[in-house]
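Biologist: I'm new to reading protein structures, so please walk me through this one, feature by feature.

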Amino acid sequence: MKYGFIGVGNMASAIIGGVIGKGLATPDEIIGADLFAPGRERVKAQYGIHVTADNKEVFENAEIIVLSVKPQFYGDVISGIKDVVKENQIVITIAPGKTLAWLSEQFGKDVKIVRTMPNTPAMVGEGMTAACPNEFVTEEDMAEVKKFLESFSRVEVVPERLMDTVTAVSGSSPAYVFMFIESMADAAVSCGMPRPQAYKFAAQAVLGSAKMVLETGKHPGELKDMVCSPAGTTIGAVRVLEERGFRSAVFEAVKECEEISRSL
């Protein structure tokens, strides 16, 4: 098998869906381990992959393994599998706060590790992932890892000092965006629009706006100004957002997220 997952929760499921959807691997080439039986059966039914309750079985059968459990479980999981990790295997982590130095200490030997931070839009093939390899990962290894990551997201290799910032601005930020969409939709409902339609208008506006930033290369402020006609509706709405501290609230939320990530 080519790919293995320790933990098959939401993030792992999103990645598995991307890998299979892009044809990078067939279900027979993927194995997932989870102590939670309903979770194993769910992902098996959804994607047809091999599943097991034994983490070591994943390392016996896969070349690239993703540690996709919660950060607080990393120590216990690594202590249970460190003796079976082979020198040619690549371990990918997705936990905020768990540094390459900490991971190396937990394994207690030379292991190829790529620290990453994906986000949940991977579920629809529109994720964003930061990657940071340790010194044992070769250029050829990293090319394979990038191919894997690019099956469900855009990928940027970043220095490790930026990983907590990535968590704040990308890993956690879909939650902020969902709150923004929900708020806009609630307001539209209050103005008489049916809720399903309100979600569609709000979500598509966010999707299209993000695409404009990525594809035009223009500064977000310039794109905002293009929408704001003199004495018009948009500048009136922008004034209210500024008055209520919209930018400051987002700024402080991102900073708080980064600080928590550093403390994990």
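Modeller: Let's begin with the outside: the protein chain exposes about 14,600 Å², and carbon and sulfur atoms supply 58% of that. Areas like this come from the Shrake-Rupley method with a 1.4 Å probe; for residues, only the protein chains shown count as cover. Keep in mind that this is a predicted model, where local features need pLDDT of at least 70 and side-chain atom pairs count only at pLDDT 80 or more, while totals for chains, interfaces and linings use all residues. Residues are numbered from 1 along each chain as its sequence is written, and side-chain values use heavy atoms, with hydrogens and water left out.

Biologist: What does the C-alpha trace span along its principal axes, and how many helices and strands are there?

Modeller: The trace spans about 65 × 40 × 30 Å. The protein chain has twelve helices and eight strands; these are DSSP runs (helices H or I, at least four residues; strands E, at least two), numbered from the N terminus.

Biologist: What share of the 264 residues counts as buried?

Modeller: Buried means under 20% relative accessible area, exposed over 50%, and partly exposed in between (1.4 Å probe, protein chains only). Here 38% of the 264 residues are buried.

Biologist: How do I read a sheet, then?

Modeller: Look for pairs: two strands pair if DSSP finds at least two bridges between them. In this chain eight strands make an open sheet, ordered 3-2-1-4-5-6-7-8, with mixed pairing. Strand 3 and strand 8 (153-157) are the edges, each pairing on one side only.

Biologist: Which way do strand 6 and strand 7 pair, parallel or antiparallel?

Modeller: Antiparallel, over four bridges; in one of them, Met 117 has Ala 130 of strand 7 as its partner. Strand 7 (residues 127-133) also runs parallel to strand 8, joined by five bridges. There, Ala 130 stands opposite Glu 156, and Gly 127 stands opposite Ser 153. The chain gets from strand 7 to strand 8 through helix 6 (residues 139-149), in a right-handed β-α-β crossover. Right-handed means that, with the strands pointing away from you, the path from the first strand over the helix to the second runs clockwise.

Biologist: Is strand 7 mostly covered or mostly open?

Modeller: Mostly covered: five of its seven residues are buried.

Biologist: Where does Thr 167 sit, and what does Thr 167 contact?

Modeller: Thr 167 is in helix 7, and this residue counts as buried because its relative accessible area is 7%. Contact means heavy atoms within 4.5 Å. Leaving aside neighbours within four places in sequence, the contacts of Thr 167 include Pro 96, Met 117 and Cys 257.

Biologist: Which residues of helix 2 are buried?

Modeller: First, the general idea: an α-helix has 3.6 residues a turn, so residues three or four places apart point the same way. In helix 2 (residues 37-47), the buried ones are Gly 39, Arg 40, Val 43 and Tyr 47. They cover an arc of only 100° around the axis, so they lie on the same side of helix 2; the arc is that of the directions from the helix axis to the C-beta atoms. Their cover includes helix 1 (10-21) and strand 3 (50-52).

Biologist: What follows helix 2?

Modeller: Gly 48, with a positive phi near 75°.
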